[in-house]
Amino acid sequence: MNDDIRDALSMSYDEWLSWVTGVLKEPRFRADQLCQWVYGKKILDCHSMTNLSKELRDRIACESLVKIPVQIRDLKSKDGTRKFLWQMEDGCRVESVLLDHSSHTTACVSCQVGCPLGCVFCATGKAGYTRDLTAGEIIGQFLVMEQRLGKNINNIVFMGMGEPLLNVENVFKSIRILNHPKMRNLGGRHITLSTSGVVPGIRDLADFEIPVRLSVSLHAPNDALRGKLMPINKKYPLSTLIEAMHYYKKRSGERITIEYVIMDGVNDDPSLAFEMAALLDGLGVYVNIISYNSVSGGTMKRPPEGKIKAFCAALTELSIEHEVRREKGTDIMAACGQLAAQQ
Ligand code: SAH
Ligand code: SF4
């Protein structure tokens with residue numbers, strides 16, 4: 001680690017400890033105090049950390065303690081959803097969404113600037129890929145949203161821009177930091193990661209020490225159709241994906257959620273529900289049907305209500321538990337698949 005901690009939000013608890021004792025030459029409990037200010041009170045300016053001496057605050061300030069994403073925009077939907085546009089130090093921009101359900105709040109964060117996977121229905125995929133976000137840039141989105149909200153957010157979902165399992169190192173590090181009892185202390189059950197099906201990453205997640213929830217974006221139950229919608233299916237076809245899901249389930253004991261973006265005339269035929277049931281046999285999944293959200297330049301359409309109902313009726317007949325995800329924030333382009341960080 002560098003002596004100058006310009007990326008404090010990327011630091012694990014052990015890195016805080018060694019910086020506090022090694023660089024600041026302070027006792028270990030100062031690391032707990034600093035983490036409490038940052039992760040508990042969301043105070044990111046060390047001059048406001050009142051239980052530290054003035055001399056220590058000045059020394060920490062020289063080290064420029066916490067670097068956070070700069071807020072460019074905060075849009076509010078009529079349903080209460082908020083969409084934030086952030087700028088990182090190098091000028092890259094990403095979006096996050098804050099969902100306010102009456103009983104709980106959920107932050108949807110980005111993990112990459114753009115996405116390299118190019119799913120045909122997704123605005124992020126259309127924007128191309130620039131780079132991975134650091135652990136600190138991921139955590140920064142979450143902490144600043146908590147600051148703006150004025151209270152702790154209950155859940156974090158990695159469902160914003162990018163593919164979390166193509167940025168495993170930084171995403172897992174951000175989860176370790178958020179989960180650590182001396183830091184944000186957010187339970188694994190409150191953390192969900194959504195993947196388009198990066199098989200080695202699913203295996204890594206199964207072996208990860210923190211039991212976080214997994215959602216898999218399926219969208220089609222056979223390789224021919226899935227390959228047309230999601231180029232990643234060519235690299236990791238369904239047989240390998242299903243195998244990895246069984247491995248995750250066995251290792252973690254957690255139930256997997258399947259995301260199925262339903263598109264008119266593309267994947268809404270009830271016969272596909274039967275194919276899906278056969279494919280997922282033995283996994284005991286929960287299916288989230290997401291009605292397609294329009295994206296600029298997209299050619300797909302959302303199916304009429306009746307078709308969605310017919311698809312769901314087939315799932316019910318097959319005893320597959322499911323729900324149609326309530327859509328949030330479509331009026332501000334904050335719904336699933338609509339994030340693109342346009343200026
Ligand atoms: N890259 C990850 C996570 C981010 S996308 C993944 O693909 O799973 C989050 C969810 O939004 C995914 O299930 C994705 O398939 C879905 N999505 C993408 N474009 C969409 C659109 N136009 N309408 C509805 N959902 C969409
Ligand atoms: Fe990337 Fe997910 Fe969008 Fe596909 S759906 S392009 S994997 S962000």
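## Ligand 1 and its polar contacts

In this predicted model, a polar backbone atom of C336 lies 3.3 Å from a nitrogen atom of ligand 1. Two side chains also take part. E163 places a side-chain N or O atom 3.4 Å from a nitrogen atom of the ligand. H219 has a polar side-chain atom 2.7 Å from an oxygen atom of ligand 1. The protein covers 96% of the 520 Å² of accessible area that ligand 1 has on its own.

## Where the ligand sits

Ligand 1 occupies the largest cavity. Around the ligand are 19 residues. The closest are F121, S194, S217, H219 and N293. H219 is thus one of the closest residues and also a polar partner of the ligand.

## The nonpolar core

The largest nonpolar core has 118 residues. Within this core, W16, Y39 and F158 touch the most other members.

Which residues does F158 touch, leaving out those up to four places away in sequence? They are V109, C111, I138, P164, V171, S174, I175, I191, T192, L193 and S194. S194 links the two topics: S194 touches F158 and is among the closest residues to ligand 1.

Methods:
Residues are numbered from 1 along each chain as its sequence is written. Chains are lettered from A and ligands numbered from 1 in the order in which they are written. This is a predicted model: local features need pLDDT of at least 70, side-chain atom pairs count only at pLDDT 80 or more; totals for chains, interfaces and linings use all residues. Side-chain values use heavy atoms; hydrogens and water are left out. A nonpolar core is a set of buried Ala, Val, Leu, Ile, Met, Phe, Trp, Tyr and Cys residues joined through side-chain atoms within 4.5 Å. Buried means under 20% relative accessible area, exposed over 50%, partly exposed in between (1.4 Å probe, protein chains only). Contact means heavy atoms within 4.5 Å. A residue is near a molecule or strand if one of its heavy atoms lies within 4 Å of it. A polar contact is a pair of N or O atoms within 3.5 Å; within protein, one must be able to donate a hydrogen and the other to accept it, and residues adjacent in sequence count only if both atoms are side-chain atoms. Accessible areas come from the Shrake-Rupley method with a 1.4 Å probe; for residues, only the protein chains shown count as cover. On a 1 Å grid over the protein atoms alone, a cavity is a set of points where a 1.4 Å probe fits but cannot get out, and a pocket is an open set with protein on both sides within 12 Å along at least five of seven lines; lining residues have an atom within 4 Å of a point. A molecule sits in a cavity or pocket if more than half of its atoms lie within 2 Å of its grid points.
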